[in-house]
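The following account leads the reader through a single protein model, beginning with the overall fold and ending with individual side chains. Please keep the structure in view while reading.

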Amino acid sequence: MFWFLLITMVVVVAAVTLAVVGGGDSEVLPEVAPEQLIDPLPATRPVGQADIEALRLPVAARGYRMADVDDVLDRLGAELAERDARIADLEAALAGGGPRAEEDGA
């Protein structure tokens, strides 16, 4: 019984080793290029609602690719800050106060 278990164990270890190593020149699974952000946000114009709705971030092993998500969030944050500043300037101009004092250098 001992010899049977020993021979069985050797055969199983050899089979697993051949399966892991590949046992030949043929590749079991080809290398797949990582997904890239295909259609990023437009660089030449402000981002619109349709751009956000059409945006599809590539999926990685543990969710979304962190660099792509960071880039999109940075871009959206910068554009929102610009729009908020523009809205504040326009509201100040409508109120008769002219442009904000922050931008005048005060």
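Read from the start of the sequence to its end, the elements of this protein follow the pattern α-α-β-β-α. The model is a predicted one. In total, the protein has three helices and two strands.

Some overall values set the scene. The protein has 106 residues, and buried residues make up 11% of them. The exposed surface amounts to about 9,000 Å², of which carbon and sulfur atoms supply 64%. Among the contacts with a separation of 6 or more, 41% are accounted for by residues 24 or more positions apart.

The helices may now be taken in turn. Helix α1 covers residues 2–21, and its 20 residues should span 28 Å at 1.5 Å a residue; the end C-alpha atoms are 28 Å apart, so expectation and model agree. How many of the 20 residues of α1 are buried? The count is zero, and α1 is accordingly described as hardly covered. Ile7, which belongs to helix α1, illustrates this on the level of one side chain: its relative accessible area is 53%, and because the threshold for an exposed residue is over 50%, Ile7 is classed as exposed. Ile7 is also part of a nonpolar patch on the surface, formed with Phe2, Trp3 and Val11, and together these residues have about 500 Å² of accessible area.

Helix α2 comprises residues 49–54 and contains Asp51. Is Asp51 buried or exposed? With a relative accessibility of 17%, Asp51 counts as buried, because the limit for that class is under 20%. Leaving aside residues up to four places away in sequence, Asp51 touches Leu41, Pro42, Arg45 and Pro46. One of these, Arg45, forms a salt bridge with Asp51, with the closest N and O atoms 2.8 Å apart. The two partners fall into separate classes of accessibility: Arg45 is partly exposed, at 42% relative accessible area, whereas Asp51 is buried, at 17%. The side chain of Asp51 also has a polar atom 2.9 Å from the backbone nitrogen of Gly48.

Helix α3 runs through residues 66–94. Its 29 residues should span 42 Å at 1.5 Å a residue, and because its end C-alpha atoms are 42 Å apart, the expected and modelled spans agree. Which residues of α3 are buried? They are Asp68, Val72, Glu79, Asp89 and Ala92. Just after α3, Gly96 adopts a positive phi of about 90°.

Charged pairs deserve a separate look. Side chains of opposite charge can pair when their charged atoms come close. The structure holds four salt bridges, and that between Arg45 and Asp51 has already been described. Another joins Arg65 to Asp68, where the closest N and O atoms are 3.2 Å apart. A polar contact of 3.2 Å likewise joins the side chains of these residues, Asp68 and Arg65. Asp68 has its place in helix α3 and counts as buried because its relative accessibility is 9%. Arg65 counts as partly exposed, at 24% relative accessibility.

Further along α3, Glu79 forms a salt bridge with Arg75, and the closest N and O atoms of this pair are 2.7 Å apart. Why are Glu79 and Arg75 separated by about one helical turn? The reason lies in their spacing, because Glu79 and Arg75 are four residues apart in helix α3. An α-helix has 3.6 residues a turn, so residues three or four places apart point the same way. Glu79 has a relative accessibility of 10% and therefore counts as buried, while Arg75, at 22%, counts as partly exposed. Salt bridges that share partners link Arg75, Glu79 and Arg83 into one network.

Three acidic side chains thus merit a return to the model. Asp51 is buried at 17% relative accessible area and is paired with Arg45. Asp68 is buried at 9% relative accessibility and is paired with Arg65. Glu79 is buried at 10% relative accessibility and is paired with Arg75.

Terms used. Residues numbered from 1 in each chain as written. Predicted model: local features only at pLDDT ≥ 70, side-chain atom pairs only at ≥ 80, totals over all residues. Heavy atoms only, no water. Expected span 1.5 Å × (residues − 1). Buried < 20%, exposed > 50% of the residue type's maximum accessible area, 1.4 Å probe, protein only. Contact = heavy atoms within 4.5 Å. Areas by Shrake-Rupley, 256 points an atom, 1.4 Å probe, with all protein chains shown as cover. Polar contact = N/O pair within 3.5 Å; in protein donor to acceptor, adjacent residues only side chain to side chain. Patch = residues over 30% accessible without salt bridge, like charges linked within 9 Å, V, L, I, M, F, W, Y side chains within 5 Å. Salt bridge = Lys/Arg side-chain N within 4 Å of Asp/Glu carboxyl O.
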